[in-house]
Each structure stands twice: as C-alpha cells, then as structure tokens.
Amino acid sequence: MSIRFISRKAEALANIQRAKDRALEICGGTAERHAKDNIEKNHSVRTSVLVNSITHEQRDDDTEAIGTMVKYAPYVELGKRLVNSWVPPKPYLRPAIEDHRNEYEKIIKSELSKP
C-alpha cells in the first residue's frame with residue numbers, strides 16, 4: 001500500500017494573498033473617504049482640488065499608501081510659518097488613519113477569515 005501526499009501550500013498562500021489584497025483595497029478606500037471627510041469638516045480648503053486629489057494605491061504585498069501630489073497638501077496637514085504669521089495645521093491624513101485603527105483591524109480580520 002502506498003500513501004500519496006498532496007501539498008496545497010501554493011493554493012493556500014495564493015488565497016491568503018488575495019484576502020490581503022482585498023483587505024488593503026478596502027482599507028485604502030475607507031481611509032481615502034475619511035481623509036476627504038476630514039478636509040471638508042476642517043474647512044481646510046477653498047476649492048475641491050485637494051479633496052479630489054487624494055487617492056490610495058497598493059505599493060506591495062503588505063502596504064497600502066494614501067496621499068496626494070498637491071504641493072500645498074503638507075502645509076494644510078502640518079501647518080506652516082509664513083513671513084509674519086503662522087498657518088495652523090488642519091490634519092486630515094493622520095486622523096484618517098489613527099482615528100479609525102479599529103475599523104481597519106475589523107476589515108482585515110473579516111477579509112482574512114473569508115474562505
């Protein structure tokens with residue numbers, strides 16, 4: 001009698017990666033929405049350029065990036081000293097991540113627990 005073992009490791013790893021990709025995409029979209037909401041709540045801008053420029057993308061297997069290429073965005077987030085005055089910070093990205101950590105954790109757990 002012979003016994004034959006079949007490895008399902010590759011299939012399992014592929015399933016885990018797909019779940020991670022789904023979780024990152026959902027978390028990125030959620031963080032993007034929170035950042036845009038924060039900008040509007042903070043009355044941080046006069047036009048919709050900054051709001052419309054915020055995007056997210058998966059950088060690698062474990063990283064989702066959220067941000068903008070608008071040049072003045074760091075000054076809105078962090079504030080800036082001008083010649084005679086200080087423009088106060090109106091954070092929108094950091095709170096979009098830090099204030100919703102539990103939400104992102106639930107999303108990740110949910111996606112990883114799906115078959």
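Glu 111 counts as buried because its relative accessibility is 5%, where buried means under 20% relative accessible area, exposed over 50%, and partly exposed in between, with a 1.4 Å probe and protein chains only. The side chain of Glu 111 meets that of Lys 114 in a salt bridge, 2.9 Å from N to O; such a bridge is a side-chain nitrogen of Lys or Arg within 4 Å of a carboxyl oxygen of Asp or Glu. Salt bridges that share partners bring Arg 22 into one network with Glu 111 and Lys 114. Lys 114 itself is partly exposed, with a relative accessible area of 42%.

Before we go on, a word on the model. It is a predicted one, in which local features need pLDDT of at least 70 and side-chain atom pairs count only at pLDDT 80 or more, while totals for chains, interfaces and linings use all residues. Residues are numbered from 1 along each chain as its sequence is written, and side-chain values use heavy atoms, with hydrogens and water left out.

Let's look at the other salt bridges. A search of the whole structure finds 6 of them. One of these joins the side chains of Lys 20 and Asp 62, at 2.7 Å from N to O. This pair links distant parts of the chain, 42 residues apart: Lys 20 sits in helix α1, and Asp 62 in the loop between β1 (55–60) and β2. Helices (H or I, at least four residues) and strands (E, at least two) are DSSP runs, numbered from the N terminus. Lys 20 counts as partly exposed at 25% relative accessibility, whereas Asp 62, at 56%, counts as exposed.

Within helix α1, Glu 32 and Lys 36 are 4 residues apart, so about one helical turn separates them. Their side chains also meet in a salt bridge, 2.9 Å from N to O. Glu 32 is buried, with a relative accessible area of 16%, and Lys 36 is partly exposed, with 21%.

Asp 62 also leads us to the largest pocket, since it is among the lining residues, along with Leu 24, Arg 101, Tyr 104 and Ile 108. That pocket holds about 220 Å³ of space. On a 1 Å grid over the protein atoms alone, a pocket is an open set of points where a 1.4 Å probe fits, with protein on both sides within 12 Å along at least five of seven lines, and lining residues have an atom within 4 Å of a point. Grid points are joined across faces, edges and corners, and the volume is the space filled by probe spheres set on the points. Helix α1, strand β2 (63–67) and helix α5 each supply at least two residues of the lining, with the largest share, 4 residues, coming from α1. By class, the lining has 7 nonpolar, 2 polar and 3 charged residues; here Ala, Val, Leu, Ile, Met, Phe, Trp, Tyr, Cys and Pro count as nonpolar, Asp, Glu, Lys and Arg as charged, and the others, Gly among them, as polar.

Helices α1 and α5 come up again at the surface. Leu 13, Ile 16, Ile 108 and Leu 112 form a nonpolar patch there, with about 350 Å² of accessible area together. Patches are made of residues with over 30% relative accessible area and no salt bridge, with like charges joined within 9 Å and nonpolar side chains (Val, Leu, Ile, Met, Phe, Trp, Tyr) within 5 Å; accessible areas come from the Shrake-Rupley method with a 1.4 Å probe, and for residues only the protein chains shown count as cover. Both α1 (9–42) and α5 (101–113) supply at least two residues of this patch. Leu 112, in helix α5, counts as partly exposed at 45% relative accessibility. Ile 107 is also placed in helix α5, but counts as buried at 14%. The C-alpha atoms of Ile 107 and Leu 24 are separated by 8.8 Å, with the two residues 83 apart along the chain.
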